[in-house]
Amino acid sequence: MTARERVAGTVANYVDERTGAAKWAKKNLTKVFPDHWSFLLGEVALYSFIILLLSGTFLTFWFDPSQREVLYEGGYQPLEGLHMSAAYASTLHISFEVRGGLLMRQIHHWAALIFMAAIVVHLMRVYFTGAFRKPREFNWIIGVGLLTLGIVEGFLGYSLPDDLLSGTGIRIAEAIIQALPVVGTYIAFFAFGGAFPGEAFIPRIFTVHVLLLPGIFLALITAHLMLVWYQKHTQWPGPGRTEKNVVGYPLMPAYMAKAGGFFFIVFGVTAFLGAVASINPIWLYGPYNPGQISAGSQPDWYMGWLDGLVRMSPPLETHLLGHTISWNILIPGLIVPGILFTGMALYPFIESWITGDKREHHLLDRPRNVPNRTALGAMSLTFMLVALINGGNDIIANNFHLGINQIMWFSRISIFVLPPIAFVVTKRICLSLQRADRELVLHGRETGRLMMLPHGEFVEVHEPISPELAWKLTAHEQAPALALEETDSRGVRRAGGLKNKLRKRISQANAENIAKPTVEDLKAIEHH
Amino acid sequence: MSNEIEAIKDPGLPAHVHRKADHDPVAEKRAERQVAILFLISALGTVLFIYSYYFISTDTFVFLPILGSTNAHQLGLGIGLATALFFIGAAAIHWAKTLMPDEEVIAMRHTMRSDDEDREAFVATVKERAGAAGLGRRSLIKRSMGLSLGLIGLSPLVLLRDLGPLPKDDLTKTSWEAGTRLVTDPGDRPIRPEDLEIGAVAQVLPQLRPDEERTLNNIGKDAVLLIRIRPEEFQLSAERLSWTHDGIIAFSKICSHMGCAVALYEQSTKHLLCPCHQSTFDVPRAAKVIFGPAARPLPQLAITVDAEGYLVAQKPFTEPIGPSFWERS
């Protein structure tokens, strides 16, 4: 035994005698993780969160979360001698005087954008591959919660510097709160400590941004990861992979090195962006003043769709019995997002209701093999994309020399028309891809080699595909539609007829697939 | 559902293909060197970071292609840090990919569901323990507990009451009163009609009494936009026309949609545009909404001139300014 082994043994013994960790660790150090690039998306989100904690902590050492009015006498000439809040002045101080402060600010902001982007793309991966199915519904809901909180956390974060742009965002948030029927003005006055802007909101959102929400994030992320660990990761279908096993690399050492190394890669790329790509240059915007604004006011990208919905809303307001209800704010600002996010959270249960499938699933779906789900996803993304584009309509109008009214009308119509089109087109594409898969399995790969037959006809030579690929293309299930009889065995109508009818309809549409090759198909081919 | 008669059988896990470094000592040495070089590049990154921190002053600028004029201090710190971090990651991953075991292994899954035995035992335990606590029997305790737990939820709500005052008339009242002079913002100078040329726009605020100080809250409610056009261009009711003075019309600058400052005035069309959500207001027609999500015109402030010829408000705003709210009639 070498000296190093002796030391390691002593330490391990010390820890194990107090925690019994050896039993758990021996099992988990060889835990198997399936490998695929799409499984890295969640990791990017996790690592950006760690970067956010580190860079954010650094920023709090100098940031002064106060709306106390100060006279700026720092190093940035154009703002010299201006009255501004201590929050804005300290952000200028971080940007210009603290060494590495601007870098950290930019890393923090870039990490937030990457965090949100990674969450959204990770969510798309989980959705389109069916990774949310039983037993992973809880993790799906936690994920939707993290996405929602991420939007709020990001918004509060970029509002903290109290510059002209962020103050305008807060002004809009206040108007949404104020628009709530009955309680709106009260909640707004409580939240802001009086009329807008007041002097309370920066210190308050600071506490929420650095303490309350990160705490909730940590708890939810921990639960999210523990469930992944305990339920074991899903895997792509392929040779040797079944619902009952998990194929991949053991945690120690390869997976540890790769995941750990990937953290540094993500941090390195974020630092590079922070070094070369200027983001949120608040010194150009000036301190917040409710009587001023800059043209082209834009929120961060993950808020853009919400702003786009508000922009395209028609001017609807109800005046009734001495009260006002602002539909132009409530519908795009609260009702539509509420429906979207609730629908998203409930989706695993809706799908299992449609398919009647209550079994565990650990093999992922290829998106083409579940045309309806894939089409619904494309439809939702199209909706969000139209909203997002409209959120930047002023920028687009300016850069492409279009009228803002044209873009607005394009969005108002497209938001209703394009999503259904996306649904139909995506579904057709999925079915065509299924058809191509079937073709490949039955007739093999086109080789590009032409052959002349004795009677002069030219044919292209097809080569059979490998058994591995054939298996990959046919390993999925094709469940038939639910058989929901309207009447029972004695011919009596069942209860809940309308609900059953709806379920049957959706189930039928859901089961629309190109049949995969059967034993008979393959036999028929052999006789050729 | 049926997987029994699958046309194509699972060929099983493909045979493992060994990497060059697994059997060729030269390739192994090369991979080892590559990993070491990557780690060394990271170390150089940290050296650059420390050098930039101490030896490049914060006001040094360099000109770089694409980036333009760039602060050398920030750039050195950032590139150093990025290099230091990125290449640690690159080294670790290269190490894992070339030298660490790369054989795929199979582990079995367990169903999430517990055994029936455990489930029954669990239900029995819960029933037995709950029964022992007598939760089902002791309805007096149960109800009083429900009452106390229900009530204690009120305390945090009560505690939050002091977060802010009640709205009262804060949303409906501004500092404008009959006879308040309009002063420029910035500058706080009273203005005469002849200071404004036709087509000009000015942001004004109410003149403060000597003992008053202007807060952001005041500006958020009091900001007013003055616009001068040719008087014959107005398409106003007789009453609204009497609120203008010699072609000068005054509107609240706070958008009736969501409270942004309506700051974009297009002289040729006489439209006011809110940069937040593009609500467009037609100035000659009393800021009527002609496009966008705003549902109400901008409130108009009645103005006139006082004895000394300065612009003053005839009276306060006749309606609340800014975004809508429930209590607004």
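Here's a quick tour of a structure with two chains, A and B, starting with how they meet and ending with some unusual backbone spots.

Keep in mind that this is a predicted model. Chain A brings 97 residues to the contact between the chains, and chain B brings 79. The two chains even build a sheet together, with the strand order E1(A)-E4(A)-E3(B).

**Where the chains meet**

- On the chain A side of the contact, helix H10 (residues 251–276) gives the largest share, with 18 residues.
- If you sort the chain A residues that touch chain B by type, you get 52 nonpolar, 32 polar and 13 charged.

**The sheet the chains share**

- This open sheet has three strands, and its pairing is antiparallel.
- What holds paired strands together in a sheet? Backbone hydrogen bonds do that job, and the pairing can be parallel or antiparallel.
- The link across the two chains is made by strand E4 (residues 245–250) of chain A and strand E3 (residues 105–108) of chain B, which pair over four bridges.
- To find this link in the model, look for A:Asn245, which stands opposite B:Met108 in E3(B).
- E4(A) also pairs with E1(A), this time through two bridges, and these strands run antiparallel too.
- Here the spot to look for is A:Val32, which sits opposite A:Pro250 in E4(A).
- Why do E1 (32–33) of chain A and E3 of chain B each have one side without a neighbour in the sheet? Both stand at the edges with a single partner strand, so one side of each is left free of a neighbour there.
- Helix H10 of chain A comes back into the picture here: H10(A) lies across E1 and E4 of chain A, at about 75 degrees to E4(A).

**Chain A as a whole**

- Chain A has 19 helices and eight strands.
- Its C-alpha atoms fill a box of roughly 90 × 80 × 60 Å along the principal axes.
- Of the 528 residues in chain A, 40% are buried.
- Take the contacts in chain A between residues at least 6 apart in sequence: 71% of them join residues at least 24 apart.

**A hairpin in chain A**

- Strand E7 (residues 445–452) of chain A is hardly covered, and zero of its eight residues count as buried.
- E7(A) runs antiparallel to strand E8 (residues 458–463) of chain A, and five bridges join them.
- One place to see this is A:Met451, which is opposite A:Val459 in E8(A).
- The hairpin of E7(A) and E8(A) has five residues between the strands, and A:Gly456 takes a positive phi near 100 degrees.

**Unusual backbone spots in chain A**

- As background, most peptide bonds are trans, and most residues other than glycine have a negative phi.
- A cis peptide bond links A:Lys134 to A:Pro135, with omega about 10 degrees.
- You'll find A:Pro135 in the loop between helix H5 (101–128) and helix H6 (137–159) of chain A.
- Another cis bond runs from A:Met252 to A:Pro253, with omega near 0 degrees, and A:Pro253 belongs to helix H10 of chain A.
- A:Asp162 isn't a glycine, yet its phi is positive, near 60 degrees.
- A:Asp162 sits in the loop between H6 and helix H7 (164–178) of chain A.
- Is A:Asp162 buried or exposed? It is buried, because 25 other C-beta atoms lie within 10 Å and the cut-off for buried is 20 or more.
- A:Asn280 is another non-glycine residue with a positive phi, about 50 degrees, and its place is the loop between H10 and helix H11 (282–285) of chain A.
- A:Asn280 also counts as buried, with 21 C-beta neighbours inside 10 Å.

**Over to chain B**

- Chain B is divided into domain 1 (20–98) and domain 2 (182–313).
- The C-alpha centres of these two domains of chain B lie 57 Å apart.
- Chain B also has an open sheet of five strands in the order E4-E5-E6-E7-E12, with antiparallel pairing.
- Which strands are at the edges? They are E4 (182–184) and E12 (300–301) of chain B, and each pairs on one side only.
- E4(B) pairs with strand E5 (residues 201–206) of chain B over three bridges, and B:Val183 has B:Leu205 in E5(B) as its bridge partner.

Definitions and conventions
Residues numbered from 1 in each chain as written. Chains lettered and ligands numbered in written order. Predicted model: local features only at pLDDT ≥ 70, side-chain atom pairs only at ≥ 80, totals over all residues. Domains from an automatic or database assignment. Pairing = 2+ DSSP bridges. Contact = placed C-beta atoms within 7 Å. Nonpolar A, V, L, I, M, F, W, Y, C, P; charged D, E, K, R; others polar. Axes fitted to C-alpha atoms, helices over the stretch in contact; angles between N-to-C directions. Buried ≥ 20, exposed ≤ 12 C-beta atoms within 10 Å, placed from the backbone.
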